[in-house]
Amino acid sequence: MQCPYCSHKETKVTNKRESQQGIRRRRECLRCKKRFTTYEKQELMDFYVVKKDGRREKFSRDKLFVGVDRAFEKRPVAKERIEKMLQEIEEQLRKRGKEVKSSVIGELIMKKIEKLDKIAYVRFASVYKDFKDIGDFRNIVRNVSDSHRESKKIEENSRGFKDIMKGIKGGKE
């Protein structure tokens with residue numbers, strides 16, 4: 001590693017640790033004794049998105065971020081949670097190979113967004129599914145409401161089961 005101060009080619013690593021940017025190394029030049037930081041990051045292989053019309057386009061995390069960020073605009077969801085979701089999506093897409101259909105990407109994004117925020121889900125779906133009229137909105141809101149009610153029932157049943165189990169355990173003791 002070449003020193004950025006004196007261009008000497010010999011340095012020593014004084015500290016190494018993992019960071020969000022990759023492996024962080026503190027180095028010291030053996031000539032001028034100045035210290036500097038370097039980052040080692042794994043280079044990811046590019047993959048391509050196959051559009052509806054058959055065109056192929058290099059995957060762009062920025063493009064993914066812009067679409068998702070717009071859906072979460074003014075919603076009470078932490079940026080860290082959105083970033084984590086985007087990371088999970090990208091990892092899942094990379095596992096699929098060198099080419100991924102845009103429809104697969106859209107459906108994966110919709111599933112992840114729905115788990116985080118129902119309003120953001122409806123916003124994203126309206127653009128992704130290219131809603132034409134208010135009826136399209138009604139349908140998706142109805143589906144979201146139905147799934148929300150169903151998950152509430154499951155949650156309530158689960159709580160009821162836990163209460164029953166507590167009663168049984170309490171009665172035996």
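# Reading a predicted model, feature by feature

Modeller: Start with a cysteine. The sulfur of Cys-32 lies 3.7 Å from the closest cysteine sulfur, that of Cys-29, which is too far for a bond.

Colleague: What is a disulfide, and how many does the count give?

Modeller: In general, a disulfide is a covalent bond between the sulfur atoms of two cysteines. The rule used here asks for a pair of cysteine sulfur atoms within 2.5 Å. By this rule the count comes to zero disulfides. Cys-3 is in no disulfide either; its nearest cysteine sulfur belongs to Cys-32, 3.8 Å away.

Colleague: What kind of model is this, and what are its ground rules?

Modeller: This is a predicted model: local features need pLDDT of at least 70, side-chain atom pairs count only at pLDDT 80 or more, and totals for chains, interfaces and linings use all residues. Residues are numbered from 1 along each chain as its sequence is written, and side-chain values use heavy atoms, with hydrogens and water left out.

Colleague: Are Cys-3 and Cys-32 buried or exposed?

Modeller: First the scale. Buried means under 20% relative accessible area, exposed means over 50%, and partly exposed is in between (1.4 Å probe, protein chains only). Cys-3 counts as buried because its relative accessibility is 2%. Cys-32 has 27%, so Cys-32 counts as partly exposed.

Colleague: What share of the protein is buried, and how much area does the protein expose?

Modeller: Buried residues make up 26% of the 173 residues. The protein exposes about 13,000 Å² (Shrake-Rupley method, 1.4 Å probe). Carbon and sulfur atoms supply 50% of that area.

Colleague: How many helices and strands are there, and in what pattern?

Modeller: Both are DSSP runs, numbered from the N terminus: helices are H or I, at least four residues, and strands are E, at least two. The protein has five helices and six strands. Along the sequence the pattern is β-β-β-β-β-α-α-β-α-α-α.

Colleague: At what angle do helices α2 and α3 pack?

Modeller: Fit a line to the C-alpha atoms of each helix over the stretch in contact; the angle between N-to-C directions runs from 0 to 180 degrees. Helix α2 (residues 79-95) and helix α3 (residues 102-116) pack at about 150 degrees, with axes 11 Å apart. That makes α2 roughly antiparallel to α3. Here under 35 degrees is roughly parallel, over 145 roughly antiparallel, 65 to 115 roughly perpendicular, and the rest oblique. Contact means heavy atoms within 4.5 Å. Residues making this contact include Met-85 and Ile-89 of α2, and Leu-108 and Ile-109 of α3.

Colleague: What about helices α1 and α4?

Modeller: Helix α1 (residues 61-71) and helix α4 (residues 118-128) pack at about 125 degrees, with axes 8 Å apart. The two are therefore oblique to each other. Gly-67, Arg-70 and Ala-71 of α1 meet Ala-120, Arg-123 and Phe-124 of α4.

Colleague: Where is Asp-69, and is it buried or exposed?

Modeller: Asp-69 sits in helix α1. At 22% relative accessibility, Asp-69 counts as partly exposed. Asp-69 and Ile-82 are 13 residues apart in sequence and 8.0 Å apart in space, C-alpha to C-alpha.

Colleague: What is the phi of Ser-7, and of Lys-74?

Modeller: Most residues other than glycine have a negative phi. Ser-7 has a positive phi of about 65 degrees, although it is not a glycine. Ser-7 lies in the segment before β1 (11-19) and is partly exposed, at 42%. Lys-74, also not a glycine, has a positive phi of about 60 degrees. Lys-74 is in the loop between α1 and α2. Its 78% relative accessibility makes Lys-74 exposed.
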